[in-house]
Amino acid sequence: MTFSNNADTASADNQAIKSTAVKKQRGHVAPRRPIIDINSPGRLRTGEVMALCAFSHSSLYLRIKNGSFPAPDGSDGRNYWNTSTIKNYLGEDQSC
């Protein structure tokens with residue numbers, strides 16, 4: 001009977017640890033300021049595009065899905081946009 005009581009206590013301790021643990025959100029990127037100039041040729045990653053356009057990760061991909069934002073120009077394991085693509089978008093749509 002004592003063994004059962006210890007198991008219940010251990011189980012309760014594990015539940016307390018699980019409920020206080022912070023879950024890591026996967027798949028979302030934090031915005032970050034671009035290192036390169038948008039007027040020069042180069043690639044912008046998702047976080048850089050988010051910072052330039054003031055979109056959240058979810059909003060960016062929702063706009064891509066709806067066709068109101070250009071799809072990534074390529075992927076080398078991570079999506080990227082050419083600076084010319086984003087520059088054209090910013091020139092056309094000032095409500096970015």
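Reader: How many salt bridges does the count come to?

Author: This is a predicted model, in which local features need pLDDT of at least 70 and side-chain atom pairs count only at pLDDT 80 or more, while totals for chains, interfaces and linings use all residues. Residues are numbered from 1 along each chain as its sequence is written, and side-chain values use heavy atoms, with hydrogens and water left out. A salt bridge requires a side-chain nitrogen of Lys or Arg within 4 Å of a carboxyl oxygen of Asp or Glu. By this rule the count is three.

Reader: Which residue forms a salt bridge with Glu48, and where do the two lie?

Author: The N to O distance of the pair is 3.9 Å. Glu48 belongs to helix 2 (residues 46–53), helices being DSSP runs of H or I with at least four residues and strands E runs of at least two, numbered from the N terminus. Its partner, 16 residues apart, sits in the loop between helix 1 (2–20) and strand 1 (43–45). That partner is Arg32.

Reader: Is Glu48 buried or exposed?

Author: Buried means under 20% relative accessible area, exposed over 50%, and partly exposed in between (1.4 Å probe, protein chains only). Arg32, at 40%, is partly exposed. Glu48 has 6% relative accessibility and therefore counts as buried.

Reader: Which residue is linked with Arg43 and Arg45 in a network of salt bridges?

Author: Arg43 reaches its partner with the closest N and O atoms 3.4 Å apart, and Arg45 does so at 3.0 Å. Arg45 is buried at 15%, whereas Arg43 is partly exposed at 44%. The residue linked with both is Asp76.
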